[in-house]
Amino acid sequence: MFLIALLRPNRSSRFNKASLPVFLRLALFIFFLHVLPDTLAVVSKDRSEQSQASVNGYITEAATGEAIWGANVVLEGTTIGVSTNSSGFYSLNRIPPGEYTILVSFVGFNEFRKEVSLSSGETLRLNIELTEAGLQMDEITVTSEFIDRESRQNIGVTTVPTRLIRETPAVLQADVFRSIQLLPGITSASDFSSGLYIRGGSPDQTLILLDNTTVYNPSHFFGFFSTFNPDAIRDVRVFKGGFPAEYGGRLGSVVDIYNKDGNRRRRAGTASVGLLSSRFSVEGPYSRGSYMLAVRRSTLEPLLWSLQGNVDNIPESFYFLDINGKLNFDASDTDRLSVSFYSGLDDVVFPAADDLLLKLYYGNLTGSTTWRRILGPGLFSTLTFTGSRYFNEPVFEFGGTVFERRNTVTDFSMKADLDWNISSSHNFKAGIWTGNVEVTIADQFDGQRTQQSRIDSWYFSGYLQDRWEISPEWIFTGGLRGSWYSSGDYFRLEPRAALEYRPHPDIRLQTAAGRYYQFKSLITNEAFSGFDIWLLTDDGVAPSYGDQFLAGVKWNPVPEWSVELEGFYRTMRQLFEFDPRIPDTAGLDYNELFRFGRGYAYGVELLLQRNTGRLTGFAGYTWGTSRRSYPGFNNSNMFPPRFDRIHDLNILLNYSLSDRWMATTVFSYGTGQAYTEPLGRTQIRNPFNDDNDNPLIVGRVNASRLPAYHRLDIGFTRYGRFFNLGDSELQLQLINVYSRRNVWFYQFNFDENPPERSAVRMLPIIPSVTYTVNF
Amino acid sequence: MKTIALCRNTLALTLFSFIFLLTSGCDPYRQDSYEEQLVIYGMLTAGEPFSPIRLTRTVPFSEAYSEEAAALRNMHVRVIEMDEDGEFIRTIQYQESERDPGVYFPRSRSSIVQGRFRYRAEVRQVEAAELLLSAQTIVPGSFELVETNGSTFIYQGPEQYEATYTTSFYPGRQNYFIISTRALNPELGMTPFYDSIAEEPDEFITVSSPIINEQNYELNPDGTITLRLPWISVSHFGISAISVFAIDTNWYDYQRSLGVQLGGSTVSPGQIENLLWNVEGGIGVFGSRAGVRSEVTILSPPIP
């Protein structure tokens, strides 16, 4: 209530810029709340609680000390239980004194049981280490972690284990987003795009977080790969929709990624050599914590050198680079500090023809400092300072004329979150996220400045969220988020709610609804992400908003199998996109740069998963529809965006051939993408260049479908040793086994009369070899 | 046990509904079919005689296009001239060319198009009152060349051709320009960039810029603007005619939407949208422009 009171000083839904100090006061309040544990001790420990006991601590992997997110902690024979947060922290409170057995479970790990005796007023710190199940099983019983069952407790949420990312056959190198694209409800635009199209939303509707820091352009190689190095990643959690109030800023979904903390048991590392890139990582403990450093760099140079001079249109130079690092410092029993950073870039120099040179240079730099603190029984706080910078500096030199662009997004913020297990039935969360984002664009053509703009915006968001376990069968999660941007002075409230009913321990019926706002928009191209530009709301450009409704059932009929069925409907309104019909922005007001549209999407997703045995894997199927509408386009009628897929099926199977060999296969099938079939044509004599223009006459936009997409990938992994220096993995993969030449789009040759249509096709069969040594 | 049975029934019902959706689910958004449309094309230039108007029909995409076969013949075509305020001034009657079917010329060749005036083209069937096609344009205001910084330049040398112009006028918006360069001595050869991308020797005789907003140029204190010719506008060595045109809204809409149809920078490949046609009863462009022409000689750089 205190937060609400602070959020409405003007009794108006529209804040003025003078309100900023209110937000700063709130930020300072949360900060001091974090710093002063005594304050929270008063808040969190009432008189009745003093006669009860509590247990809290961190749950980590025994082998590495890495935190486990989403592990279940319960007191056997009671209704007291929680899941660990992203730091691996848990807290069980208001426990009557007595003898208990604490049970910790997480898919892929052996259950942990320990008897504890709790006395009145006692707070027991119990840090628990879980051992991997596979390490103690015979060769036939394999537990998969494809899509973690525990984290599927919440509707719309999926955890993608790094093992899945590493083992899934992928073009040239393992990729986080390519693996995510296999989940039901998530599609890719093409073989060439790692962009995430989640539940009918475009990639900019997904918030990408790395260690709580926004990543603005998560792609390499013009969008072919995502920027996240699998060696450096600990957790990937995907909120496909209906995400709770603790997240915000996007209309559709959230991909929350955490870097590894680093091995707390021993020094370890990985060296990997692949066709496209090579990776090296090292991690280990030190006296007060752990560290991790991972580097990935493309290794295309030998290929380029061999092709240069023999093949046309080969880049003069081309590389991408990622560096991830993290340092953890255990300041005390209750305080943990971590510093994390990521730096990635793409650098291309491409002489496409005589007197035609393209230079592309873009990337991201992010950093965060996080202070996690156990403030009291059941009360955990996280304070994070983040910085994120996206830069994009293309240069085109053609015919002696130079075009240069400098586009940057600089975002500094502070996040503070409180996680409070008030009682066995209430888990309360509150937090703020405040900062400043600056977007600059400067264009120079032929030595003259043609565009220079800078939008600077303060932003603030705060949320309250409560998970209320009404009874063992019913759980309600409600929340409210408020967001404010100074550019345009917009304040919006976003209510969220989710309800779960458990008629049986193995069945969960769930539903969720919420409103979502987005204050940023991305200018991008599906085929090429090297020129991405972010734009902000401002005067005359109000934030996009949409509502989401979800309902689903999760069922574990037998331990080996799990089934999920989930339906969704979502709206999208006030979608502000750069108007593609604007040829030159000079002299136009900011709001004249956009077209404002609306849309909706709905669908049903089915996920079947086999979790144990020699054969494990999952099949995900989606039936969905997505539509958009913009005034003046397609007669202002709704049309399917290109990425709309009616049917989408992905099957991933792992088969353990022996203790040394594993076979993996992925089959994907999807309805052909939407495209526009030209119906007629005419000719217009262009009086400015004496050419004939060939305008096409079309009917409904994107009313035709390309041939269905399907592809089969297989891979084999051999586990072994590398000269007794460490374990090794040899991966042999074949992408697109039967070389299905899926159509990307059609192009037309107007030199022929009638014009000839030809298909631009996607990837043929591609072999891939990767050798990794873990030392 | 009752709860489990209820849940199983619910699940069965849900799965059944799901399978029903799969089997019956069809996309109601279907491709429509081709419909023929009438096309008008004309481009008036301020200070010049009235240009011809071409009338055609669209053809199905899969058929060969021939201007002669697509020609719309035996039409009654006229252009109504109005002043800046829209007051009627006169009517210019057109007649069909005997040599070029579908091409209509003004009966009086001495009439001159006036900058800032409005012109409305109307097409009817002969002997019929019903209006088939109509379109209106506002001609950009005429402007003049004030001065240039020279007439001969070395290709990609230290100095570029610059010309200073009085400003044009268009009601309700800034001026939009297109720069067109025509090589008058194409036999002297192409500049290296165009030479590397040309497939035919007579390509790129005339090249034009994309649409350029007036706000791209700095306004001089005396109210004039100075345009610098980028080297990319020079396709051939020798003398080139440099024409700077202010364009009307009809051509602006046509060209900017054509750019999107050809694969604009943010549109997904394969997503094609119709052009912006400011024509009633059909499609096409009845546009106008005002321009200034100058000449410049571009020399090949000396071989080091």
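**Salt bridges.** I searched the interface of chain A and chain B in this predicted model for salt bridges, and the rule finds two. I looked up one of the pairs, Asp446(A) with Arg228(B), and noted 3.7 Å between the closest N and O atoms. The pair qualifies because the cut-off is 4 Å.

**Polar contacts.** I next counted residue pairs in polar contact across the interface of chain A and chain B, keeping those with both residues at pLDDT 80 or more; the rule finds 33.

**Make-up of the chain A side.** I asked which element of chain A gives the largest share of the side that touches chain B; strand E41, residues 678-681, does so with four residues. By class, I recorded 43 nonpolar, 24 polar and 16 charged residues on that side of chain A.

**Strand pairing across the chains.** I followed E41(A) into chain B and found two bridges to strand E3 of chain B, residues 59-60. The two strands run antiparallel. For Arg681(A), I noted Val59(B) as the bridge partner in E3(B).

**Extent of the contact.** I entered 83 residues from chain A and 83 residues from chain B as taking part in the contact. Interface size is often given as the accessible area lost when the parts come together. I therefore looked up the area buried between chain A and chain B, as this is the accessible area lost, and entered about 7,300 Å². Carbon and sulfur atoms give 60% of this area. Within chain A, I listed Arg581(A), Leu679(A) and Phe688(A) as losing the most area to chain B, together 12% of what that side buries.

Conventions. Residues numbered from 1 in each chain as written. Chains lettered and ligands numbered in written order. Predicted model: local features only at pLDDT ≥ 70, side-chain atom pairs only at ≥ 80, totals over all residues. Heavy atoms only, no water. Contact = heavy atoms within 4.5 Å. Buried area = accessible area lost by both parts, 1.4 Å probe. Salt bridge = Lys/Arg side-chain N within 4 Å of Asp/Glu carboxyl O. Polar contact = N/O pair within 3.5 Å; in protein donor to acceptor, adjacent residues only side chain to side chain. Nonpolar A, V, L, I, M, F, W, Y, C, P; charged D, E, K, R; others polar. Pairing = 2+ DSSP bridges.
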